[in-house]
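Here are my notes on this one, written as numbered points so you can check them against the view as you go.

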Amino acid sequence: MTLAFVLRLLPDLAALQTETVLISGGEPLLNSDWADIAQLLRSRGMNLWLLTSGLSLAKHATKVAALFHRVTVSLDGTDRETYKAIRGLDAFDTVCDGIRKATGAGIGVGLRVTVQRDNFRSLRKFVQLAHELRVQEISFLAADVANRHAFGRDEKFSANVALGADDLPVLERTIRAMANECADDFESGFIAENPGKLRRIWQYYSAVCGHGTYPSVHCNAPEFSAVVEAQGRIRPCFFIPGPQDSDATPGVKAMLNSSNMTRLRTDIRAGHRTECSTCVCSAWRDQEPHA
């Protein structure tokens, strides 16, 4: 995504009364325009949220703290070996260093852990690590292995990160133990999910294994947000592709209010999209009644 493209988005973002912009990647800090894009959006009064793998955070921590209001780092391992096994590179220490420098620069940092086969036994260690890194919160999410469209992944995506049937009792015991051992962290919100929501991860993987149903999804994210991809296409959320004509070139507002996008949101709202029935997300916001 380029600065010039974001400049073209500004009138529509203002018309839509955009409050928050989430800038994500992979690693968005590898984009040479990231600081200029962030500065431009911030200058228009928008709150900025950075979702990052943390690989370049140490290098840019001071500038990130000056431009963003919130940072979330995806961290999938509690040690070098696990991180390397999942991510394919030896960068655990680099990411942790970036988190420390960002918190030291005065910005609130959260950790997001995608729970999968190689790390589900370490949930308690993740909480301990979060305290050691002095972050504000830690959240846990299942890996969406049931939807090949999630986050724009391609046809080559493999579901080999999913837990197997033999893993499920271990995960269940782990969540039950955390409910007791981390009671203060749940109560304070340091762990963003309550034990019941963590159990949804167990239920999700149980369904993936063919045991039971997927947890119910209570989500209306497409009613208050949208995803603009680097190439300009618009999605109603990270998990569902937009219509074939969902190009932001004519304008974000026009595209979001086009007949095809409106029809897609209607289908999502009515529960007609199969992706929603197996989704790992459950983002709900109460909507103000229309005047």
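1. Start with the inventory: the protein chain contains 13 helices and seven strands. Keep in mind throughout that this is a predicted model.

2. On overall dimensions, the C-alpha trace of the protein chain spans about 50 × 45 × 40 Å along its principal axes. The radius of gyration is 19 Å, and a compact globule of 291 residues would come out near 19 Å, so the chain agrees with that expectation.

3. Next, the sheet. Five strands form an open sheet in the order E1-E2-E3-E4-E5, and the pairing is parallel. Which strands stand at the edges? They are E1 (20–23) and E5 (137–142); each has a single partner strand, so one side of each is left without a neighbour in the sheet. Direction ignored, neighbouring strands here are turned by 20 degrees against each other on average.

4. A closer look at the E5 side of the sheet. Strand E4 (residues 109–115) runs parallel to E5, and six bridges join the two. If you want one pair to find on screen, try valine 115, whose bridge partner in E5 is alanine 142. Helix H6 (residues 123–132) lies across E4 and E5, and H6 runs at about 150 degrees to E5.

5. Now the helix pairs, beginning at the N-terminal end. Helix H1 (residues 3–15) and helix H2 (residues 34–43) have axes that come within 10 Å and cross at roughly 15 degrees. The cut-off for calling a pair roughly parallel is under 35 degrees, so H1 is roughly parallel to H2. H1 passes H2 in a right-handed crossing. On the H1 side the contact uses Leu3, Val6, Leu7, Leu10 and Leu13, while H2 brings Asp36, Ile37, Leu40 and Leu41. By class, the residues of this H1 and H2 contact divide into eight nonpolar, no polar and one charged.

6. H2 also meets H3. Their axes come within 10 Å and cross at roughly 15 degrees, which makes H2 roughly parallel to H3. What is the hand of the crossing where H2 passes H3? That one is left-handed. Trp34, Ala35, Ala38, Gln39 and Arg42 of H2 make the contact with His60, Lys63, Val64, Ala66 and Leu67 of H3. The class count for H2 with H3 is six nonpolar, two polar and two charged residues.

7. H3 has a further pairing to check, this time with H5. Helix H3 (residues 57–67) and helix H5 (residues 92–104) pack at an angle of about 15 degrees, and their axes are 8 Å apart. H3 and H5 are therefore roughly parallel to each other, and their crossing is right-handed. From H3, the contact residues are Leu57, Ala58 and Ala61; from H5 they are Thr94, Asp97, Gly98, Ile99, Lys101 and Ala102. That contact of H3 with H5 has five nonpolar, two polar and two charged residues.

8. To pull the helix points together: H2 pairs with H1 in a right-handed crossing and with H3 in a left-handed one, while H3 and H5 cross right-handed. If you only have time for a quick look, I'd follow H1 to H2, then H2 to H3, then H3 to H5, and finish where H6 lies across E4 and E5.

Methods: Residues are numbered from 1 along each chain as its sequence is written. This is a predicted model: local features need pLDDT of at least 70, side-chain atom pairs count only at pLDDT 80 or more; totals for chains, interfaces and linings use all residues. Side-chain values use heavy atoms; hydrogens and water are left out. Axes are lines fitted to C-alpha atoms, for helices over the stretch in contact, and angles run from 0 to 180 degrees between N-to-C directions. Helices (H or I, at least four residues) and strands (E, at least two) are DSSP runs, numbered from the N terminus. Angles under 35 degrees count as roughly parallel, over 145 as roughly antiparallel, 65 to 115 as roughly perpendicular and the rest as oblique. A crossing is left-handed if the near helix is turned anticlockwise from the far one by less than a right angle, and right-handed if clockwise. Contact means heavy atoms within 4.5 Å. Ala, Val, Leu, Ile, Met, Phe, Trp, Tyr, Cys and Pro count as nonpolar, Asp, Glu, Lys and Arg as charged, and the others, Gly among them, as polar. Two strands pair if DSSP finds at least two bridges between them. The radius of gyration is taken over C-alpha atoms; the globule rule is 2.2 Å times the number of residues to the power 0.38.
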